Amino acid sequence: MRSYVALLILLLPLLSVAQVDTTQYIVPGRSNSALQQKKPYVILISADGFRYDLADKYQAKHLQQLRSNGVQAKSMVPSYPSLTFPNHYTIATGLYPSHHGLVDNSFYDKKRDELYRIGNRKAVEDSSWYGGTPLWVLAEQQQMVTASFYWVGSEAAVKGVRPTYYYRFNDSIDIETRLKAVKDWLMLPEEKRPHLITFYLPQVDHEEHMFGPDSKQAEEAVHFIDETIGKMVRITDSLKLPVNFIFLSDHGMITTDTVNLLAKPAAIDTTKFKMPDGDVLVHMYAYNEKDIQPTYDALKKEAVDYDVYLADNVPARWHYGAADDWYKRIGDILLVPRAPKSFNFRRRRPLPGKHGFDNALPEMHATFYAWGPAFKKQLTIDSFENVHVYPLIAKLLGLAITEKIDGDLKVLKPILK
Ligand SMILES: [Zn+2]
């Protein structure tokens, strides 16, 4: 017994360091205006990496039933690059990644001489990286209360504003706790009850990366998501509130070639270019502009299984060229592998599932389902770009859009009653 106590005392500092922040943060002094209290509710759910075909591939019964009572898109086209941070923030702002500033999961800002990395807490919570007006900021500016159980950008005070209720990202909070938070929010008195709730589920993406999109593990993660949505809908049904659901994802996933990996091209002189780590998109930021053209020419000669672009010859449909690079954060030269090939400069263990490739690839396409009192029933629509979700949600909540966005309400208005 004594040794057990001694061990516990020894471990205590470790345990307290490892202890995770499960706090719900509440911004004081916020409430819905009388006008906003009359508005419906929107729960925006993202299941990371939930490719457009997964609900049918793995028979996600709740989702199949819910979408049949609402709207489903054949697929939703992610913005380029088809990566998690750029796309969640595109959904939140209605802007292409080049226009909101999160141009990749990791990138370099020449003017600041700083790197943004998703693993860097300080950067993630620093609002100066984030452009646009995220939906929760738009709502709070118009005196509508919002809540977030995670979303990219919600942990930074973009334009000085965070959601009224939010959490710092911590994957270890169990799903029942998360669902209970949603229930508790919707049971608050009307002036404190959030009308927009964002909710993020990472499980499918994680399993697909580790085991591939065709794996048993990916299938189980899809069923976990499906059960979670089933539970959430049972909760909201019991509350008898006008709740509109949007279930979507940020991107799809493809099975990669884990045997024939692309090595670092010989034409790259790393003393001449700053290059953050990348496997499906490599940015090369030149220290000296005169090195760009000769290196590009050499890379073009060498390139097999990947494409090389200069800022002025990036495919226009990506909105990722020099003219679109509002924050000057996109590389001077881009290396883009052709799926299922990917780069592996640092010889890490290759992952069998990846995304981030050309957003025209069907495997990169995301899911979009919507149901609830505002939506038409039994409607299937064509694929559309994810920039159009923002004006749809603004319309659902009766919020005025205050700055120019890339999305257009015309695209999704026909899904509303
Ligand atoms: Zn993702």
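Ile393 counts as buried, because its relative accessibility is 0%. This residue of the predicted model lies in helix 13, which spans residues 389-397. Leaving aside neighbours within four places in sequence, Ile393 is in contact with Val42, Leu44, Leu135, Leu196 and Ile246. The C-alpha atoms of Ile393 and Ile246 are separated by 9.0 Å, although their positions lie 147 residues apart along the chain.

**Overall form**

The protein has 14 helices and 19 strands. A compact globule of 417 residues would have a radius of gyration near 22 Å, and the protein, with 22 Å, agrees with that value. Along the principal axes, its C-alpha atoms fill a box of roughly 70 × 65 × 45 Å. Of the 417 residues, 55% count as buried. Among contacts with a separation of 6 or more, 74% are made by residues 24 or more positions apart. The protein exposes about 18,000 Å², and carbon and sulfur atoms supply 55% of this area.

**The nine-stranded sheet**

An open sheet of 9 strands follows the order 1-8-7-9-2-10-17-3-18, and its pairing is mixed. Strand 1 (24-26) and strand 18 (379-381) stand at the edges; each has a single partner strand, so one side of each is left without a neighbour in the sheet. On average, neighbouring strands of this sheet are turned by 15° against each other, direction ignored.

Within the sheet, strand 7 (residues 146-149) pairs with strand 9 (residues 196-201) in the parallel sense over 4 bridges. Ala147 has Ile197 of strand 9 as its bridge partner. Helix 9 (residues 175-186) lies across strand 1, strand 2 (41-47), strand 7, strand 8 (165-167) and strand 9, and runs at about 175° to strand 9. Helix 11 (residues 216-239) also packs on the sheet, where it touches strand 2, strand 9, strand 10 (243-248) and strand 17 (368-371). The direction of helix 11 makes about 170° with that of strand 10.

**The zinc site and helix 5**

The protein donors of the zinc ion come from Asp48 (OD, listed twice), Thr84 (OG1), Asp250 (OD) and His251 (NE2), and they lie 1.9 to 2.8 Å from the ion. Along the chain, the donors follow the spacing D-x35-T-x165-D-H. Thr84 lies in helix 5 (residues 84-93) and His251 in the loop between strand 10 and strand 11 (254-255), so this pair ties together parts that are 167 residues apart in sequence. Both residues count as buried: Thr84 has a relative accessibility of 10%, and His251 has 0%.

Helix 5 is largely enclosed by the rest of the structure, because 10 of its 10 residues are buried. Among these buried residues are Phe85, His88, Tyr89 and Ile91. Just after helix 5, Gly94 takes a positive phi of about 70°. In the loop between strand 4 (76-77) and helix 5 is Pro81, which is joined to Tyr80 by a cis peptide bond with omega of about 0°.

**Strand 13 and its partners**

Strand 13 (residues 282-286) is largely enclosed by the rest of the structure, since 5 of its 5 residues are buried. Both of its faces are covered: Val282, Met284 and Ala286 are buried on one side, and His283 and Tyr285 on the other. Strand 12 (residues 273-274) pairs with strand 13 in the antiparallel sense over 2 bridges, and Phe273 has Ala286 as its bridge partner. Strand 13 also runs antiparallel to strand 15 (residues 333-337), to which 3 bridges join it. Here Met284 stands opposite Ile333.

A second cis peptide bond leads from Ala339 to Pro340, with omega near 10°. Pro340 is found in the loop between strand 15 and strand 16 (353-354).

**Positive phi values outside glycine**

Two residues other than glycine with positive phi are set out below.

| Residue and phi | Place | Relative accessibility |
|---|---|---|
| Lys240, about 55° | loop between helix 11 and strand 10 | 73%, exposed |
| Gln378, near 50° | loop between strand 17 and strand 18 | 70%, exposed |

Lys240 thus belongs to a loop that follows helix 11 and leads to strand 10, whereas Gln378 belongs to the loop between strand 17 and the edge strand 18.

Key:
Residues are numbered from 1 along each chain as its sequence is written. This is a predicted model: local features need pLDDT of at least 70, side-chain atom pairs count only at pLDDT 80 or more; totals for chains, interfaces and linings use all residues. Side-chain values use heavy atoms; hydrogens and water are left out. Two strands pair if DSSP finds at least two bridges between them. Axes are lines fitted to C-alpha atoms, for helices over the stretch in contact, and angles run from 0 to 180 degrees between N-to-C directions. Contact means heavy atoms within 4.5 Å. Donors are N, O and S atoms within 2.8 Å of the metal (3.2 Å for Na, K and Ca); water is not among the atoms, so sites may look incomplete. Buried means under 20% relative accessible area, exposed over 50%, partly exposed in between (1.4 Å probe, protein chains only). The radius of gyration is taken over C-alpha atoms; the globule rule is 2.2 Å times the number of residues to the power 0.38. Accessible areas come from the Shrake-Rupley method with a 1.4 Å probe; for residues, only the protein chains shown count as cover.
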